[in-house]
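The following report describes the fold and selected local features of one protein chain. The sequence and the structure are shown first.

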Amino acid sequence: MTMTLRISLVLATTAVLWGVMPAQALEPKRAGAIEYVSGGVGDEERAQLNEVRARYNFHLTMAQAGGEYLEGVQLRLTPARQGDKVIEARAEGPQFFAKLPPGDYLLTATYQGKVQSQKVSIANDASANLTLFWPNEGAAKGK
């Protein structure tokens with residue numbers, strides 16, 4: 001084993017042990033012809049999403065009423081036009097971006113059994129920004 005390879009292995013092992021490895025790049029996903037990406041857990045993922053934000057025309061942020069970001073929200077985007085495909089996805093962080101064709105949609109978002117619905121309109125060459133808030137669990141229990 002060469003000295004360079006040994007040093008590289010030591011550095012990589014040290015980085016893993018100390019948690020300083022760079023974050024994995026967020027990979028866009030597809031639902032039919034529609035591309036989307038979600039994430040935003042941690043500073044590096046938020047930075048990655050900010051870099052690609054302009055590529056998407058639908059931007060959704062999910063949080064509790066107190067401002068704490070959420071992940072694991074189940075999303076369903078249903079186009080108003082009959083016969084169009086539906087996007088069903090689990091948000092892997094508090095932000096969800098999608099490239100949607102112009103039109104009207106119904107967004108249904110579910111977090112811990114609490115459902116919210118919101119109409120979304122995408123115009124030509126425009127984007128839609130939406131933030132959904134769920135009640136804090138402590139507030140719901142009177143804490």
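Q112 is exposed, with a relative accessible area of 51%; exposed denotes over 50% relative accessible area, buried under 20%, and partly exposed the range in between, with a 1.4 Å probe and protein chains only. The structure is a predicted model, in which local features need pLDDT of at least 70 and side-chain atom pairs count only at pLDDT 80 or more, while totals for chains, interfaces and linings use all residues. Residues are numbered from 1 along each chain as its sequence is written, and side-chain values use heavy atoms, with hydrogens and water left out.

**The turn at Q112 and a second loop**

Q112 lies in the loop between β7 and β8. Its phi is near 50 degrees, a positive value in a residue other than glycine. The two strands form a hairpin with 2 residues between them, and Q112 belongs to the turn. Helices (H or I, at least four residues) and strands (E, at least two) are DSSP runs, numbered from the N terminus.

D125 also has a positive phi, about 55 degrees, although it is not a glycine. This residue is placed in the loop between β8 and β9 (128-134). D125 counts as exposed, at 88% relative accessibility.

**Overall composition**

The protein chain contains 3 helices and 9 strands. Along the sequence these elements follow the pattern α-β-β-α-β-β-β-β-β-β-β-α. Of its 143 residues, 34% count as buried. The accessible surface of the chain comes to about 9,100 Å², and 53% of that belongs to carbon and sulfur atoms; the areas come from the Shrake-Rupley method with a 1.4 Å probe, and for residues only the protein chains shown count as cover. Among contacts (heavy atoms within 4.5 Å) between residues at least 6 apart in sequence, 55% join residues at least 24 apart.

**The four-stranded sheet**

An open sheet is formed by 4 strands in the order β5-β4-β7-β8, with antiparallel pairing. Two strands are taken to pair if DSSP finds at least two bridges between them. The edges are occupied by β5 (87-90) and β8, each of which has a single partner strand, so one side of each is left without a neighbour in the sheet. On average, neighbouring strands of this sheet are turned by 15 degrees against each other, direction ignored; the axes are lines fitted to C-alpha atoms, for helices over the stretch in contact, and angles run from 0 to 180 degrees between N-to-C directions.

Strand β7 (residues 103-111) is joined to β4 (residues 74-79) by 6 bridges, and these two strands run antiparallel. To β8 (residues 114-122), β7 is joined by 9 bridges, again in an antiparallel arrangement. Individual bridge partners are listed below.

| Residue | Bridge partner | Strand of the partner |
|---|---|---|
| P79 | Y105 | β7 |
| T108 | S117 | β8 |
| Y111 | K114 | β8 |

The two faces of β7 differ in cover: G103, Y105, L107, A109 and Y111 make up the covered face, whereas D104, L106, T108 and T110 make up the uncovered one.

**Helix α2**

In helix α2 (residues 43-52), the buried residues include Q48, L49 and V52. Viewed down the axis of α2, its buried residues fall within an arc of 95 degrees, so they line one face of the helix; the arc is that of the directions from the helix axis to the C-beta atoms. D43, N50 and E51 are exposed on the other side of α2. Among the elements covering the buried residues of α2 are β2 (34-39) and β6 (95-98).

**Two loop residues with distant partners**

Is L70, in the loop between β3 (58-64) and β4, buried or exposed? At 5% relative accessibility, L70 counts as buried. Leaving aside neighbours within four places in sequence, L70 is in contact with M62, A63, Q64, G93, P94, Y111 and W134. L70 and G93 are 23 residues apart in sequence, and their C-alpha atoms are 6.3 Å apart in space.

P135 is found in the loop between β9 and α3 (137-140), and at 41% relative accessibility it counts as partly exposed. Not counting residues up to four places away in sequence, P135 touches Q64, A65 and K114. From C-alpha to C-alpha, P135 and A63 are 8.9 Å apart in space, with their positions 72 residues apart in sequence numbering.
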